[in-house]
Amino acid sequence: MISAEKIPNNVNLSSNKRLQRALEHWQPKYIQWWRDMGPQGFQDHHQVYVRTAVSVDPEGWAHFEYVKLPEYRWGIFLADPVHDRRIGFGDFFGQPVWQEVPGEFRNQLRRLIVTQGDTEPASVEQQRLLGQRCPSLYDLRNLFQVNVEEGRHLWAMVYLLHSYFGRDGRDEAEELLERQSGNRDKPRILQAFNEPIDNWLDFFMFTMFTDRDGKSQLMSLSESSLDPLARTTRFMLTEEAHHMFVGETGVARILERTCQLMKEAGYSGDVRKLGGIDLPMIQKHLNQWFSLSLDLHGSEVSSNAASYFANGLKGRAKEDTFGEHVVKDAVYNMEFFEGGKAVTKDILMRNAMNEVLRDWYVGDCAAGVERWNRILESYGFSERLRLPDRKFNRGIGMYAGFHFDPNGVPLSDEMWERRKYEWLPSAADTEYLLSIMATPVFEPGKFANYIAPPRRGINQQPIDFEYVRTEQ
Ligand code: BYC
Ligand code: FE
Ligand code: FE
């Protein structure tokens, strides 16, 4: 009983001694990783008001309390099983879902789970220095909430690796703690997770756009025929909503403050002179994280994606809203860039599954940008934020070898080199952001000059609540 308590769970861990032992063996390594690579300077002397998942009950799955971060109770929670659940897409449509991993799909599934798992600790590593530059205690708490939950998402994937992939799975679980974001020799698997996030504008854009890739990928994995994978990702989505809330409202609050400063600065005034973040700067960071997150959806034409779909490993977001689920002969009318111009061709839909998911993702992002633009509108400004063209700044897929401006107009290499910092953050931009974030704000209810307070606090607490307490 006491032992089972070590790892909170709803998978009856205490009845599977082997698994329990394996996970308890991994746990201290995880804690060591958290101490080394997690939030710097906020390990032993701070109590953080965070929510902890304690069940999967939609009414009361979490509870709030002060904890020291290394003592957070990272647990394993799978959404409740669906009675008589059937495979929802691909070649095995209609058959019962799998409770074990079929031998023929073992490698593919392992790879998907490892790739998903790798992103979770990566993001914690990327964000480890942000606490020392926080704009408020409210934001500091939100950062740590996101961090501990990404840690829990790693636990979710490690549970699957240990439970279903034997020796290989255990080895993979170790390696998930060994790769490091941005490390030259042992980088994280996907590129966006090797980029630094050293200022809060990057953090908010990351949680808006990159956590939203988490949402789209988790939605497609939650359709999986491997039932434990579907159930664990379904529960992860519950937590993901808060991460995107942090990003969307974080940028919204910066925008609001920028609007106030624009009014104050007058028509030809300079927001930076007032210590704020100007609109072009916000747009550049949007461009950066949106394009990096488009890359996370993989190549437009992908035989990997076709095979994941055919085998029932990874479906479309909201698969049950589609009319047809086998998708054998259907085609996708795709734009290609050939000889310097756009041509469209039909390709088999199964090969276009990355693009189908990207379409869903772009729509979800566009709705968020619309909500931001309402702030500019309410202040009477005619400027608007916008998503850059999909071809802009791509490192993966068919546009990777070319250059385009945010309108999708092709550019020569030379032109790109000359102009790229009109659209992406330059070293000078980063330096400016770091300069206005150099002094952290730790006083309850106070906010850095470049960001407006939130509308309300967390868990019905007041805005000036002491979300993070320092121990003397
Ligand atoms: N960077 O057919 P292709 C989250 C590789 S975020 C580097 O295009 P595929 C979170 C690819 O591996 C969600 N390499 O790709 C957010 C392949 O390599 P090989 C994470 C890349 O396989 C915030 C080659 O290029 N979850 O949860 O169809 C905070 C060509 O492959 C990239 C998942 O990703 C890249 N961006 O699709 C915390 C779900 N893209 O075979 C957490 C699981 C591709 O030539 N992963 N490559 O060696 C997948 O479903 C797929 O692996 C991908 C790639 C969609 C990512
Ligand atoms: Fe996550
Ligand atoms: Fe997340």
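Which residue stands opposite Ala53 in strand 2? In this predicted model, the residue opposite Ala53 is Ala62. Residues are numbered from 1 along each chain as its sequence is written, while chains are lettered from A and ligands numbered from 1 in the order in which they are written. Because the model is predicted, local features need pLDDT of at least 70 and side-chain atom pairs count only at pLDDT 80 or more, whereas totals for chains, interfaces and linings use all residues.

The chain contains 12 helices and seven strands; helices (H or I, at least four residues) and strands (E, at least two) are DSSP runs, numbered from the N terminus. A compact globule of 472 residues would have a radius of gyration near 23 Å, and the value of 23 Å for the chain agrees with this. This radius is taken over C-alpha atoms, and the globule rule is 2.2 Å times the number of residues to the power 0.38. The C-alpha trace spans about 65 × 65 × 45 Å along its principal axes. Of the 472 residues, 43% are buried. A residue is called buried if 20 or more other C-beta atoms lie within 10 Å of its own, exposed if 12 or fewer do, and partly exposed in between, with C-beta atoms placed from the backbone.

The strands were examined by their pairing, for which DSSP must find at least two bridges between two strands. Strand 1 and strand 2 are antiparallel and share six bridges. Strand 1 (residues 46-53) is also joined to strand 7 (residues 468-470), again in the antiparallel sense, by three bridges. Within that pairing, His46 has Thr470 of strand 7 as its bridge partner. A further antiparallel pair consists of strand 3 (residues 331-338) and strand 4 (residues 341-348), which are joined by eight bridges. Here Phe337 lies opposite Ala342 in strand 4. Two residues separate the strands of this hairpin, and Gly339 adopts a positive phi near 55°.

Among the helices, helix 7 (residues 227-265) has 39 residues, which should span 57 Å at 1.5 Å a residue; its end C-alpha atoms are 57 Å apart, so the two values agree. The expected span is 1.5 Å times one less than the number of residues. Helix 7 nevertheless has a kink of about 30° centred on Thr238, where the bend at a residue is the angle between axes fitted to the seven residues ending there and the seven starting there. Pro228 is located in helix 7 and is buried, because 21 other C-beta atoms lie within 10 Å. Pro228 and Gly117 are separated by 111 residues in sequence and by 15 Å in space, C-alpha to C-alpha. After helix 7 comes Gly266, with a positive phi near 80°.

Helix 3 has 21 residues and reaches 30 Å from its first C-alpha to its last, close to the expected 30 Å. It is mostly covered, with 15 of its 21 residues buried. Glu417, by contrast, belongs to helix 11 (residues 413-419) and is exposed, because 11 other C-beta atoms lie within 10 Å. The C-alpha atoms of Glu417 and Val82 are 53 Å apart, with their positions 335 residues apart along the chain.

Ligand 1 is surrounded by 25 residues, of which the closest are Ser123, Gly214, Gly298, Ser299 and Ser302; a residue is near a molecule or strand if its C-beta atom, placed from the backbone, lies within 6 Å of it. Two or more residues of this shell are given by each of helix 3 (106-126), helix 6 (200-221) and helix 9 (303-310). Helix 3 provides the largest share, six residues. By character, the shell comprises five nonpolar, 14 polar and six charged residues. In this division Ala, Val, Leu, Ile, Met, Phe, Trp, Tyr, Cys and Pro count as nonpolar, Asp, Glu, Lys and Arg as charged, and the others, Gly among them, as polar.

Positive phi values also occur in residues other than glycine. Asp84, in the loop between strand 2 (62-67) and helix 3, has a positive phi of about 55°. Asp84 counts as exposed because it has 7 C-beta neighbours inside 10 Å. Asn393 likewise has a positive phi, near 55°, and is placed in the loop between helix 10 (353-378) and strand 5 (403-404). With 24 C-beta neighbours inside 10 Å, Asn393 counts as buried.
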